[in-house]
Amino acid sequence: MTTTTLAIAPATSIAQRRSSTGRVTQLHVLRSEWTKLRSLRSTRYTLLAGIGATIAFAVIPAAINASRWATMSTHDKLTFHPLETSLIGINFAQLAIGVLGVLIMSGEYSTGMIRSTFSAVPKRLPVLWAKIGVFGTVTLLLSVPATLIAFFAAQAVLSGHTLFGQNIALSISDPGVARAVIGGGLYLTIVGLFGLGLGAILRNTAAGISALAAMLFVIPPLLNVLPSSWDNAISPYLPSTAGQAIMQIDHPAHTLAPWTGLGLFAAYTAIVIGAAAILLKRRDV
Amino acid sequence: MIEIRQLTKRYGETVAVDDLTFTVKPGMVTGFLGPNGSGKSTTMRLILGLDAPSAGEVTVNGKRYADHRAPMHEVGALLEARSIHTGRSAFSHLLALAQTHGIPRSRVDEVIELVGLESVARKRAGGFSLGMGQRLGIGAALLGDPEVVMLDEPVNGLDPDGIRWIRDLMRQLAAEGRTVFLSSHLMSEMALTADHLIVIGRGRLIADVSVAEFIRRHSRNVVLVRSPDADELARIVAGPGVQVDVVEPGLIEVGGVTALEIGDQAAAHRLVLHELTPQQASLEEAFMSLTRDEVEYHGTSHNQQTHENEVLAA
């Protein structure tokens, strides 16, 4: 009896307050998705891993090369690439951020949260836009500073070492460097959104991560076994290869121009997200 | 108010919901009853627009659910399947849902108190017991202070106190003029909570009646008679509307005649009675006999069916 009385009292208050709160708007859904993103421990850890990898994998090889510089062969010195070294961590970070993108959608399906989400926002598409907006912004705001820090830290380590009398460390004002470094952050952001689109289409974590890993790590080296004329014709247009053109400063053969490449990668991502939007609207949950 | 018209849902070859038509009215508790797998959860998903109907339509307060600008104020739902991210705390879960409608944080705290989860609100929902998960789901359903409250098997995993709490809460919400729609596979639970019943089996409507009417119509009163002269007594009381079922030699079950009449008849014919016990068939039995044909997976139902036919023929 005690339980009943205790429970009934607040129940009455539901009726009394008849809250006159708002309706579903894109802004409200954005706020909701921001709460969702920051309230999962896995999000924080994965983002931290991505940033950590970007910076650590820039500084460590730079330090190793710097410490052995005096004894390195001229050939090794000539093939050493100070920019590539400082952006190498992006190869690891893209996995962390891409997987997080997949999880942002697939996690809703694997836990059943999607039923709550789409019951609250039955038009569904505002949820996709909000996830893209929130995750894209957070990734951008973290990965651009991360690539900048990686670059400056690596160059600081390399600074003072010379090749043919010239300092091997690059300056951010050297031609193409600022574009390549900031572009690395943009590239990571697009990888994250690509993963998000895959997660929304496949609705399954394992499938989403597999598709992402295939796109990033399996298909590009696979094309190396084709005759080089084929490889050279196809490879530049692969999503990740195209996107990584933004991080090149010497424009090697068989690569797209930096912004063309990144633009193409962004276009692929837009197509994936467009397909996700159509499926999201049509499929049963 | 939930209005369902000729609603059909197919998943490939399987017909989960088959031409359902019914209305759930405000101001009362409507029980949605059916065996497991009869299409209750599918119907609820169709109401929320999570699944699209193959044919027919569903409206809530006059519009399709997705067409409402503030759907959480129209319908608050608890679905049978878990609908919570296991890595998130109860508070964050409710806050994220509230924010989609601009519902203030204070309402989230209020709902947490209402469902009695204050002590675990900041803990990961993944560690919740079934009962705590149900309470959190009910909290989410009540966040928007909705006109229609729709709960799928709400008493699942709740302890007796919790069951009583749900029952009182639902009756309270109905008394406030809201539409309350509860599914269950337990008739006994519905008899205590509901005013009206929608019974389905294999996706088809079997009954749309008030609980009082259902009880009147389906609870068969029988009298258990033990007598060495059971066979003769059976012949004497036989008549239109009277059913006699031989339980074992010397023990019969008589329906359609009161214990008083049987006793009088036995005395008039100088027959010995060892036992005369009026029995009320439970609502659960009535529900089971009603839905027996419609249950997807039978156990020994074939025999039961034959047995019942014999009883009716006797």
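**Exercise 1. State into which domains chain B is divided, and describe the contact between these domains.**

Solution. Step 1: in this predicted model, chain B is divided into domain 1 (2-216) and domain 2 (217-313); such bounds come from an automatic or database domain assignment. Residues are numbered from 1 along each chain as its sequence is written, and chains are lettered from A and ligands numbered from 1 in the order in which they are written. As the model is predicted, local features need pLDDT of at least 70 and side-chain atom pairs count only at pLDDT 80 or more, while totals for chains, interfaces and linings use all residues.

Step 2: the centres of domain 1 of chain B and domain 2 of chain B, taken over C-alpha atoms, are separated by 39 Å. To the contact, domain 1 of chain B brings 18 residues and domain 2 of chain B brings 11 residues. Two residues are in contact if their C-beta atoms, placed from the backbone, lie within 7 Å.

Step 3: on the side of domain 1 of chain B that touches domain 2 of chain B, two or more residues are given by each of helix H7 (187-193), strand E8 (196-201), strand E9 (204-210) and helix H8 (211-218) of chain B. H8(B) gives the most to this side, with 4 residues. Helices (H or I, at least four residues) and strands (E, at least two) are DSSP runs, numbered from the N terminus.

Step 4: the residues of this side of domain 1 of chain B comprise 9 nonpolar, 5 polar and 4 charged. Here Ala, Val, Leu, Ile, Met, Phe, Trp, Tyr, Cys and Pro count as nonpolar, Asp, Glu, Lys and Arg as charged, and the others, Gly among them, as polar.

**Exercise 2. Determine how many residues chain A and chain B each give to their contact, and which elements of chain A take part.**

Solution. Step 1: chain A contributes 39 residues and chain B contributes 45 residues.

Step 2: the elements with two or more residues on the side of chain A that touches chain B are helix H1 (2-17), helix H2 (26-38), helix H3 (41-68), helix H6 (90-111) and helix H7 (113-120) of chain A. H1(A) gives the most to this side, with 9 residues.

Step 3: by residue class, the side of chain A that touches chain B divides into 15 nonpolar, 15 polar and 9 charged.

**Exercise 3. Establish whether the residues of H7(A) are buried, and what they pack against.**

Solution. Step 1: H7(A) is mostly covered, with 8 of its 8 residues buried. A residue is buried if 20 or more other C-beta atoms lie within 10 Å of its own, exposed if 12 or fewer, and partly exposed in between, with C-beta atoms placed from the backbone.

Step 2: among the buried residues of H7(A) are A:Met113, A:Arg115 and A:Phe118.

Step 3: within chain A, the buried residues of H7(A) pack against H6 and helix H8 (125-158). In chain B they pack against helix H2 (71-74), strand E5 (75-78), helix H3 (90-99) and helix H5 (130-142).

**Exercise 4. Describe the open sheet of 3 strands in chain B.**

Solution. Step 1: the strand order is E2-E1-E4 (chain B), with antiparallel pairing. Two strands pair if DSSP finds at least two bridges between them.

Step 2: strand E2 (14-24) and strand E4 (55-60) of chain B are the edge strands, each pairing on one side only.

Step 3: E1(B) is joined to E2(B) by 7 bridges, and strand E1 (residues 2-11) of chain B is joined to E4(B) by 5 bridges. B:Lys9 has B:Val17 in E2(B) as its bridge partner, and B:Ile2 stands opposite B:Val60 in E4(B).

Step 4: the hairpin of E1(B) and E2(B) has 2 residues between the strands, and B:Gly12 there takes a positive phi near 60°.

**Exercise 5. Identify the largest nonpolar core and the helix that gives the largest share of this core.**

Solution. Step 1: a nonpolar core is a set of buried Ala, Val, Leu, Ile, Met, Phe, Trp, Tyr and Cys residues joined through C-beta atoms within 7 Å. The largest has 151 residues, and A:Tyr187, B:Leu94, B:Ile112, B:Leu143 and B:Met150 have the most contacts inside it.

Step 2: helix H9 (residues 177-202) of chain A supplies the largest share of this core, 14 residues.

Step 3: leaving aside neighbours within four places in sequence, A:Tyr187 is in contact with residues including A:Ile90, A:Met247 and A:Leu262.
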